[in-house]
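Reader: I should like to learn how the features of a structural model are read, one at a time. Could we begin with the ligand and then turn to the protein around it?

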Amino acid sequence: MADQMETNDYENGWKFLEELTENGHRIQEQVLEEILMRNAGTEYLSRFLHGQTDKQLFKNNVPIVTYEDIKPYIDRIANGETSNILLADPISEFIQSSGTSGGQPKLIPMTAENFEKKTLELTLVDPIVKRYFDGLEKGKTMSLFFVKKGSETPSGLTVRTLSSCYFMSDSFKKSAPKICTSPIETILCLDHKQSMYCQLLTGLLRRDHVVSISSIFGSVLARSIKFLEDHWNELCSNIRTGCLSDWITDPGCRNAVSLILTRPNPELADTIEHICGNESWEGIIKKLWPEAKYINSVITGTMSQYISLLDFYGGGVPLVSPSYGSSESTFGINLNPLSNPYDVSYTFLPNMAYFEFLPVDKDGGEKAQESDFDGVSSQWSSEITNANGNVGPVDFANVKLGQYYEVVVTTFTGLYRYRVGDVLKLTGFHNNSPQFQFVERQNTVLSIDMDKTSEADLLKAIGNAKRHLEPLGFMLMTFSSYAETSSIPGRYVLFWELKFKESTRCLKLDAKIMEQCCSIVEESLDFTYKSLREANKIAALELRVVKHGTFDALMDFYVSKGASINQYKTPCCIKSEEAVKVLNSGVVEKFFSPKTFFLS
Ligand code: AMP
């Protein structure tokens with residue numbers, strides 16, 4: 001297939017993308033054929049196909065499933081049974097999904113061949129950004145990449161996150177010195193604090209060569225900037241003296257940094273000190289890395305909460321959200337890097353897996369009347385194939401503009417008609433491949449009584465309150481929420497980490513303004529919420545402001561539970577009591593919505 005191309009050839013890269021998207025429908029059919037040819041004989045598919053490879057039979061007989069349905073097979077393989085109960089090709093390892101957005105971490109099979117396919121997606125982003133930004137080949141990216149220690153299944157198969165798998169691969173190790181300012185040893189260092197410090201230090205030492213800044217998700221970049229705020233004095237002192245801080249004990253980091261930090265450089269230290277010592281950090285990225293053409297981080301979905309923050313720090317450096325994928329499969333890439341970060345669509349790549357799309361509708365008449373987010377609201381119902389096969393998922397060729405879908409994937413690695421749990425909206429086509437906007441994860445909802453508030457609803461409501469705060473000089477760094485149901489009626493609690501735009505001003509909150517924020521959030525929620533509030537079945541929304549660093553502690557908590565810092569997504573709402581405790585330990589002030597009338 002066409003994916004054998006020389007991936008570092010940019011012109012060919014673009015031609016390849018055009019060819020892929022023009023032939024989207026045909027390639028999708030080929031992909032399904034190939035998956036069935038290889039895997040029809042597995043124990044799993046035999047139950048439904050009896051060894052046949054017919055595509056229609058697949059669509060009629062193979063059920064649409066969630067992770068729970070295939071977990072027994074995964075567990076059997078993890079415990080030593082042969083992997084061909086699920087897929088014909090040998091499993092090279094298990095990929096561990098982040099589990100912070102969707103609940104429990106999942107183990108997804110990976111094969112050597114599929115790993116190559118996944119890395120291809122990363123190289124496809126290059127020809128796209130090169131079309132929009134000149135001079136990228138003259139410099140490097142300041143990466144903020146991390147790896148996480150892997151584990152093993154009882155049968156001895158390695159379990160790693162996808163990003164760790166990629167950063168530890170030979171191909172990345174070979175290309176890293178050419179593309180990143182961070183030495184590979186600093187990326188591979190398992191101590192995240194040492195790793196982040198050294199990646200920032202080498203990025204500062206090579207600041208004139210930095211043409212882009214890159215982290216997988218926007219949250220990591222936001223955290224790195226906070227880290228820089230706490231450590232710039234020390235970083236400057238290292239640059240001034242030419243000596244690396246003693247607490248960097250990782251031998252790989254020390255050796256690699258010592259090859260770059262070769263002499264005292266007081267001029268550079270003065271310049272950086274001057275920039276970082278400024279009262280406002282507005283535009284700090286542009287000031288520290290003046291040649292940076294763009295910031296490369298996923299900022300859609302739950303990451304959209306970081307857009308205004310990264311815009312503030314970026315000082316006009318465009319935010320590019322490059323791709324949409326998961327541990328299960330790569331889905332699409334952003335062909336229009338300069339699009340508004342709130343409006344990014346991803347073009348699906350037809351060679352990555354076989355994609356189907358379950359139309360999703362809102363469930364509940366009242367919500368339908370009241371939705372204020374382009375028709376999306378918090379309750380989704382997916383239409384799954386009925387016995388007659390009348391209603392069901394549609395394929396690449398039959399998706400409709402403006403419709404919302406849940407993506408269902410059939411992969412080369414043992415997932416058949418698997419619900420990913422993401423809701424997408426079809427916004428257009430590139431050639432014959434659909435382009436989707438990410439809407440939300442389906443299962444992330446706050447819920448009390450009859451109300452279900454979705455991630456998208458919550459993001460929008462908080463976005464409205466944030467706009468009220470911004471003219472007053474506040475920035476909402478990050479937020480989360482939970483449903484407090486220990487008292488009756490229960491209420492939604494928001495946790496906000498705030499900061500003044502001028503870093504030296506200390507945070508003094510005006511109770512009236514904060515209460516107004518609570519009211520704005522409540523007003524922005526849907527009809528069901530408002531009626532339940534009016535009927536006193538949900539109590540007044542509470543806003544808990546937490547001190548600087550509390551959300552770092554939350555990230556550390558999830559990382560200690562097995563999440564990877566690269567794939568970490570601050571959960572919009574929290575179900576874990578332990579995680580709520582972490583946030584509660586940082587609370588400095590509490591406010592309640594004074595609002596009592598909603599529907600008049
Ligand atoms: P993981 O498997 O842990 O990497 O998590 C994958 C999930 O992250 C996806 O199913 C999405 O919910 C989310 N995700 C990944 N890429 C994006 C993106 N570009 N925009 C929004 N959400 C994303």
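Author: Let us start with a contact: a polar side-chain atom of threonine 300 lies 2.6 Å from a nitrogen atom of the ligand. A polar contact is a pair of N or O atoms within 3.5 Å; within protein, one atom must be able to donate a hydrogen and the other to accept it, and residues adjacent in sequence count only if both atoms are side-chain atoms. This is a predicted model, in which local features need pLDDT of at least 70 and side-chain atom pairs count only at pLDDT 80 or more, while totals for chains, interfaces and linings use all residues. Residues are numbered from 1 along each chain as its sequence is written, and side-chain values use heavy atoms, with hydrogens and water left out.

Reader: Which atoms of aspartate 422 and glycine 325 lie at the ligand?

Author: For aspartate 422, a polar side-chain atom is 2.7 Å from an oxygen atom of the ligand. Glycine 325 instead places a backbone N or O atom 3.4 Å from a ligand nitrogen atom. The protein covers 94% of the 490 Å² of accessible area that the ligand has on its own. Such areas come from the Shrake-Rupley method with a 1.4 Å probe; for residues, only the protein chains shown count as cover.

Reader: Which elements give two or more residues to the shell around the ligand?

Author: They are β9 (323-325), β16 (418-430) and β17 (433-441). Helices (H or I, at least four residues) and strands (E, at least two) are DSSP runs, numbered from the N terminus. The most is given by β9, with three residues.

Reader: Which residues come nearest to the ligand, and how does the shell divide by residue type?

Author: A residue is near a molecule or strand if one of its heavy atoms lies within 4 Å of it. Of the 18 residues around the ligand, the nearest are Ser98, Thr300, Ser323, Ser327 and Asp422. The shell divides into six nonpolar, nine polar and three charged residues. In this scheme Ala, Val, Leu, Ile, Met, Phe, Trp, Tyr, Cys and Pro count as nonpolar, Asp, Glu, Lys and Arg as charged, and the others, Gly among them, as polar.

Reader: How is the order of strands in a sheet read?

Author: Strands of a sheet pair through backbone hydrogen bonds, either parallel or antiparallel. Two strands pair if DSSP finds at least two bridges between them. Here four strands form an open sheet with parallel pairing, in the order β3-β6-β7-β8. Its edge strands are β3 (140-143) and β8 (319-320), each of which pairs on one side only.

Reader: How many bridges join the paired strands, and which residues are partners?

Author: Four bridges link β3 and β6 in the parallel sense, and threonine 141 has serine 212 of β6 as its bridge partner. The parallel pairing of β6 and β7 also rests on four bridges, with serine 212 opposite tyrosine 294 in β7. Strand β7 (residues 294-298) runs parallel to β8 and is joined to it by two bridges; there, asparagine 296 has valine 320 as its partner in β8.

Reader: Is strand β6 mostly covered or mostly open?

Author: Buried means under 20% relative accessible area, exposed over 50%, and partly exposed in between (1.4 Å probe, protein chains only). In β6 (residues 210-217), seven of the eight residues are buried, so the strand is mostly covered.

Reader: Where is glutamate 522, and is its side chain buried or exposed?

Author: Glutamate 522 belongs to helix α18 (residues 511-524). Its relative accessible area is 0%, so glutamate 522 counts as buried. The side chain makes a polar contact of 2.6 Å with that of tyrosine 529.

Reader: How many disulfides are there?

Author: A disulfide is a covalent bond between the sulfur atoms of two cysteines. The criterion is a pair of cysteine sulfur atoms within 2.5 Å, and by this rule the count is zero. Cysteine 243 is in no disulfide, as the nearest cysteine sulfur, that of cysteine 198, is 14 Å away. Cysteine 253 is likewise in no disulfide, the nearest cysteine sulfur being that of cysteine 189, 3.9 Å away. Cysteine 253 is buried, at 0% relative accessibility.

Reader: What should one look for in the backbone angles?

Author: Most residues other than glycine have a negative phi, and most peptide bonds are trans. The peptide bond from isoleucine 488 to proline 489 is cis, with omega near -5°; proline 489 is in the loop between β20 (474-484) and β21 (491-500). Asparagine 431 has a positive phi, near 50°, and lies in the loop between β16 and β17. Asparagine 536 also has a positive phi, of about 60°, in the loop between α19 (527-534) and β22 (542-546).
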